[in-house]
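Let's walk through this one together, with the viewer open. We'll go from single residues to helices and then to strands.

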Amino acid sequence: MEDRPAGGAALGEVALATALGAGLMAALLALVWAHRTRRTTVLARAGDALGRATHVPGWVALPTVLTTASLLVALLGMLWDIALHIGVGRDEGPLANPAHHLILFGLFGVFAGGVLACSMPLGGRPGPAAVRFVRGWDVPVGGVLLTASGSYALLGFPLDDVWHRLFGQDVTLWGPTHLMLIGGAGLSIVGLLVLEMEGRGSPSTDDGDRRAGDRARFVRQASAMGGLLLGLSVFQGEFDFDVPQFRLVLEPFMVAAAAGAALVAARLWMGRGGALAAAVFFLAVRGTIAVLVGPVFGEITPTFPLYLGSALLVELLALAWPPARRPLAFGAVAGVLVGTAGTLVEGVWTGLTRVLEWNGDVLVEGTLMAVVGGVAGGLLGALLALGLRRRLPRPAVARGVLALALAAIAGGVANGLVATVPGDLRATLAVDEVTTDPRTADVTVTLDPAGALDDPAWVQITAWQGQGLVVTDLERTGPGRYRTTEPVPVDDDWKTLLRLHDGRVLAAVPVYLPEDPAIPAEEVPATDGVTRSAVPEIDVLQRELTASGGGLWAAANLVVLACTLGVVGAISWGVGRYARRGGPGGRLPGLPVDGPVAAGVGGR
């Protein structure tokens, strides 16, 4: 591992990446300048060609196509990157990892899509909700949101290297700068949705009985809402690879929140079939990426949530209780269904696709968490759909519901991150060698105290970063005694650890860890009969992390949190501006155009 830096990239690679980014930025700004001064018609002609095919203005069509393609490229790069890091550990630098190129170009494409959306409209305001940039230059609010979220995501790329230089390698998807990357990219979908509505001039009056000429719009909308579901599902990435670093109850919470937000928004915005169409788009994209990352690229194949059960529940609820007159109440009830019956379907799906399936340990708390996530997501999805339809409830109601939903999500995440390690928990390892080159072994574990675990979510051994991933559940053979059902690697670059999770207990015991001079860290040998104390999982899973406490660490995390809240606030402002200044409100499916909208907790 001597050639794999543990505290940031080599300065030569940093300079090269900086030069590449500067070159792309210069080319983009030059193109914008030439377009605004009418020295070129390249953007106008490309936009018009795409606009004729999609029936929206060119300043919507070109940025939408560019951003959509870029997001798919970035998503492929991100899942490929996770698989690479799980399989081989640290890379030699940001440009030595092929997946990083896809992420970088994908995020730049999202940013460029926002810049083009703001720059392409010429000769007048692009809708009544447009924002004055400078005199004579008004920009669509969707373009502003797209640029802001794209900038935030793109900024996370260089800051990630700074973070590693300060604190070492936080080998987790939920590192603060990683959250900037995926959060900004996911929120950019909302900018695309608003841009789409601005380009149409007025919301659709489609009541779900789409004519043949409306099918292209329906496919576009399904892609957008499916994209929102993709973006919200990225946060579950570690669970998708069977290497979560959090309590298991966090996964049903995140799945239900994503389903509630995207599927409720899709049904309210698109009409009949919207939720199912969004789920189908999600499955098509994630299934394709899973095939590419796994069989094609030869890396670890990611799994993904199903969402079809939740989509069907949302559709059935809409048939039984038309959502138009009380859309917020509809979102909340749909969230309850997603968090209960939808979670049951997802639990069965994890049993078919995951090693670390949902089991009895998470039944009660996991269901409660899923209901909270589903209701919060359903309320946010209803607000988004109402904003896109220009039918938001009065500001006090909308702000109150938004604050309540965000507080519920923050509380659920915080609860999922809380874990403990019993101070007296120890494990004695019996290591029975099976092969010598490479060295593998059967491992028998004896826990002390024997009754430390009641009904564990998992007692398993994970071996990773040794050119692959091994996750194997241990078989219980007696009180506090477990054994492997297959040999596990215990040499070379493999990091092999016993992982224990029961309720709020989340602990690990090293079985074998290699010497790592770059950190530096000594070898932890796989010794027969050794007894080791349980430690927090982060101490082993994030072995390269050199500083996780102190004032600088706390301040850095708070800065990232504040910036994230700022982006969320900007998205909320943009949707609200479009809803209230964009012209007359379009009806929700099943509601007359001039009819009132009851919020479910307050009228318009």
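A word on burial to start with: a residue is called buried under 20% relative accessible area, exposed over 50%, and partly exposed in between, using a 1.4 Å probe and protein chains only. By that yardstick Asp-492 is exposed, since its relative accessible area is 52%. Keep in mind that you're looking at a predicted model, where local features need pLDDT of at least 70, side-chain atom pairs count only at pLDDT 80 or more, and totals for chains, interfaces and linings use all residues. Residues are numbered from 1 along each chain as its sequence is written, and side-chain values use heavy atoms, with hydrogens and water left out.

Back to Asp-492. You'll find Asp-492 in the loop between β9 and β10 (495–502); the names come from DSSP runs, where helices are H or I of at least four residues, strands are E of at least two, and numbering goes from the N terminus. Its phi is near 60°, a positive value in a residue other than glycine. Tyr-307 also has a positive phi, near 70°. Tyr-307 sits in the loop between α10 and α11, and it counts as buried because its relative accessibility is 0%.

Now for the aromatic rings. A ring pair is described by the distance of the centres and the angle of the planes. Here, rings of Phe, Tyr and Trp (its six-membered ring) pair if their centres lie within 6.5 Å; planes under 30 degrees apart are stacked, over 60 edge-to-face, and the rest tilted. How many aromatic pairs does a search of the whole structure find? The search turns up eleven. One of them is Phe-108 with Phe-111, a tilted pair at 6.1 Å centre to centre and 55° between the planes. Both residues lie in helix α4 (residues 98–119), three residues apart, about one turn of the helix. Phe-108 is buried at 12% relative accessibility, and Phe-111 is buried at 10%.

Phe-282 and Phe-304 make an edge-to-face pair, with 6.5 Å centre to centre and 80° between the planes. This pair links distant parts of the chain: Phe-282 is in helix α10 (residues 274–296), while Phe-304 is in the loop between α10 and α11 (308–320), 22 residues apart. Phe-282 is buried at 0% relative accessibility, and Phe-304 is buried with a relative accessible area of 15%. Elsewhere, Trp-163, Phe-167 and Trp-553 form one aromatic cluster.

Helix α4 is also home to Leu-102, which counts as partly exposed at 24% relative accessibility. Leaving aside neighbours within four places in sequence, Leu-102 is in contact (heavy atoms within 4.5 Å) with Val-73, Ala-74, Leu-76, Gly-77 and Trp-80. If you want a ruler along the chain, the C-alpha atoms of Leu-102 and Leu-116, 14 residues apart, are separated by 20 Å.

Next, a helix pair. The axes of α12 (residues 327–353) and α13 (residues 363–388) come within 7 Å and cross at roughly 145°; axes are lines fitted to C-alpha atoms, for helices over the stretch in contact, and angles run from 0 to 180 degrees between N-to-C directions. Among the residues that meet are Gly-331, Gly-335 and Gly-339 in α12, and Gly-374 and Gly-378 in α13.

On to the strands, which pair if DSSP finds at least two bridges between them. Strand β3 (residues 426–436) pairs with β4 (residues 439–448) in the antiparallel sense over ten bridges, and a hairpin of two residues joins them. Val-431 has Val-443 in β4 as its bridge partner. In the loop between β3 and β4 you'll meet Pro-438, joined to Asp-437 by a cis peptide bond with omega about 0°. Strand β4 is also joined antiparallel to β8 (residues 481–483) by three bridges and to β9 (residues 488–489) by two.

Finally, what is the order of the five strands in the open sheet? The order is β6-β5-β10-β11-β13, with antiparallel pairing. Strands β6 (469–473) and β13 (535–536) stand at the edges with a single partner strand each, so one side of each is left without a neighbour in the sheet. Five bridges join β5 (residues 458–464) to β6, including the one between Trp-464 and Leu-469.
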